[in-house]
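This report describes the fold, the packing and some local geometry of one protein model. Please keep the sequence and the coordinates at hand while reading.

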Amino acid sequence: MTVVTTSRKAAPGVRSFAKDLAFALGYSFLTRGKMGLHELNSIDTSFLIISTEPAGTRMQIFLCGEPVADYLVKNLTIEDRTGTMSKEVSVTDQSVYDVMKPYIRVALSREKGGTMIFDGTRRRRYLLGLTPYGESCGTSDTAL
């Protein structure tokens with residue numbers, strides 16, 4: 001089972017985002033505290049870390065303590081969900097899907113609105129624009 005956590009001293013918005021992502025994926029959210037990567041790896045060899053960077057929010061997927069996917073959230077929109085809640089995390093970009101699919105539960109979708117789309121708790125729908133980390137320029141439009 002994969003866990004989702006944050007950087008050690010995450011802002012409340014980052015923690016809320018990480019908890020909703022864990023909920024959407026059906027994974028556990030882990031309050032990280034002072035745990036390093038070694039301790040996280042001893043709990044589960046597959047985990048996601050959501051953190052804040054100067055350029056925006058960063059999403060990293062780790063397997064056996066090594067990063068296997070690394071994205072910067074360039075655009076983040078949180079909408080009020082209307083209708084029924086989706087029980088999956090949708091990815092609209094084939095290349096992002098190909099990278100993430102071996103490690104987390106994602107579905108390829110043609111839905112419009114963002115690179116990654118998922119429904120969180122409290123009737124929230126997240127629409128994320130993802131860019132591979134290191135390929136982005138400038139700052140994020142929306143920081144958590």
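Helices (H or I, at least four residues) and strands (E, at least two) are DSSP runs, numbered from the N terminus. In those terms, R123 belongs to the loop between β8 and β9. The model is a predicted one.

**Sheet architecture**

The sheet is open and consists of 9 strands, arranged in the order β2-β1-β3-β4-β5-β9-β8-β6-β7 with mixed pairing. Its edges are formed by β2 (28–29) and β7 (107–108); each has a single partner strand, so one side of each is left without a neighbour in the sheet.

Strand β1 (residues 3–6) is covered on both faces, since V3 and T5 on one side are buried and V4 and T6 on the other are buried as well. In a regular strand the side chains alternate between the two faces of the sheet. With β2, strand β1 pairs in the parallel sense over 2 bridges, and the bridge partner of V3 in β2 is S28. Between these two strands the chain passes through helix α1 (residues 12–25), and the resulting β-α-β crossover is right-handed. Strand β1 also runs parallel to strand β3 (residues 46–53), to which 4 bridges join it. In β3, the residue opposite V3 is F47.

Further along the sheet, strand β5 (residues 66–80) and strand β9 (residues 124–132) are antiparallel partners, connected over 9 bridges. Within this pairing, L76 has L128 of β9 as its bridge partner.

**Nonpolar cores**

Which residues of the largest nonpolar core touch the most other members? They are L21, M59, M100, M116, F118, L128 and L130, out of 30 residues in that core. At least two residues each come from α1, β3, β4 (56–63), β5, α3 (94–100), β8 (116–119) and β9. The greatest contribution is that of α1, with 7 residues. Another core, of 7 residues, lies apart from it and includes L30, F47, I49 and F62. In soluble globular proteins, nonpolar side chains tend to be buried together.

The surroundings of L128 can be listed individually. Leaving out residues up to four places away in sequence, L128 touches F17, M59, V73, N75, L76, G114, T115, M116 and F118. L76, the bridge partner of L128, is thus also among the residues that L128 touches.

**Aromatic and cationic contacts**

The structure holds 4 aromatic pairs, two of which are set out below.

| Pair | Arrangement | Centre to centre | Angle between planes |
|---|---|---|---|
| F17 and F118 | tilted | 6.0 Å | 45 degrees |
| F47 and F62 | stacked | 5.1 Å | 10 degrees |

Because F17 lies in helix α1 and F118 in strand β8, their pair ties together parts that are 101 residues apart in sequence. F17 is buried, at 1% relative accessibility, and F118 is buried with a relative accessible area of 1%. Together with Y126, F17 and F118 form one aromatic cluster.

The pair of F47 and F62 ties together parts that are 15 residues apart in sequence, because F47 lies in strand β3 and F62 in strand β4. F47 and F62 are both buried.

A contact of another kind involves R58, whose charged end sits over the ring of Y133 at 3.6 Å from the ring centre.

**Loops and backbone geometry**

Most residues other than glycine have a negative phi, and most peptide bonds are trans. Where does the model show a positive phi at a residue that is not a glycine? C64 has a positive phi of about 55 degrees, and R123 has one of about 60 degrees. C64 is found in the loop between β4 and β5 and is exposed, with a relative accessible area of 51%. R123, in the loop between β8 and β9, is partly exposed at 47% relative accessible area.

Is K112 buried or exposed? With a relative accessible area of 73%, K112 is exposed, and K112 lies in the loop between β7 and β8. K112 and T92 are 20 residues apart in sequence, while the C-alpha to C-alpha separation is 7.7 Å. Setting aside neighbours within four places in sequence, K112 is in contact with I117 and L127.

Technical notes:
Residues numbered from 1 in each chain as written. Predicted model: local features only at pLDDT ≥ 70, side-chain atom pairs only at ≥ 80, totals over all residues. Heavy atoms only, no water. Pairing = 2+ DSSP bridges. Buried < 20%, exposed > 50% of the residue type's maximum accessible area, 1.4 Å probe, protein only. Right-handed = clockwise from strand over helix to strand, strands pointing away. Core = buried A, V, L, I, M, F, W, Y, C linked by side-chain atoms within 4.5 Å. Contact = heavy atoms within 4.5 Å. Phe/Tyr/Trp six-rings, centres within 6.5 Å; stacked < 30°, edge-to-face > 60°. Lys NZ or Arg CZ within 6 Å of the ring centre and 35° of its normal.
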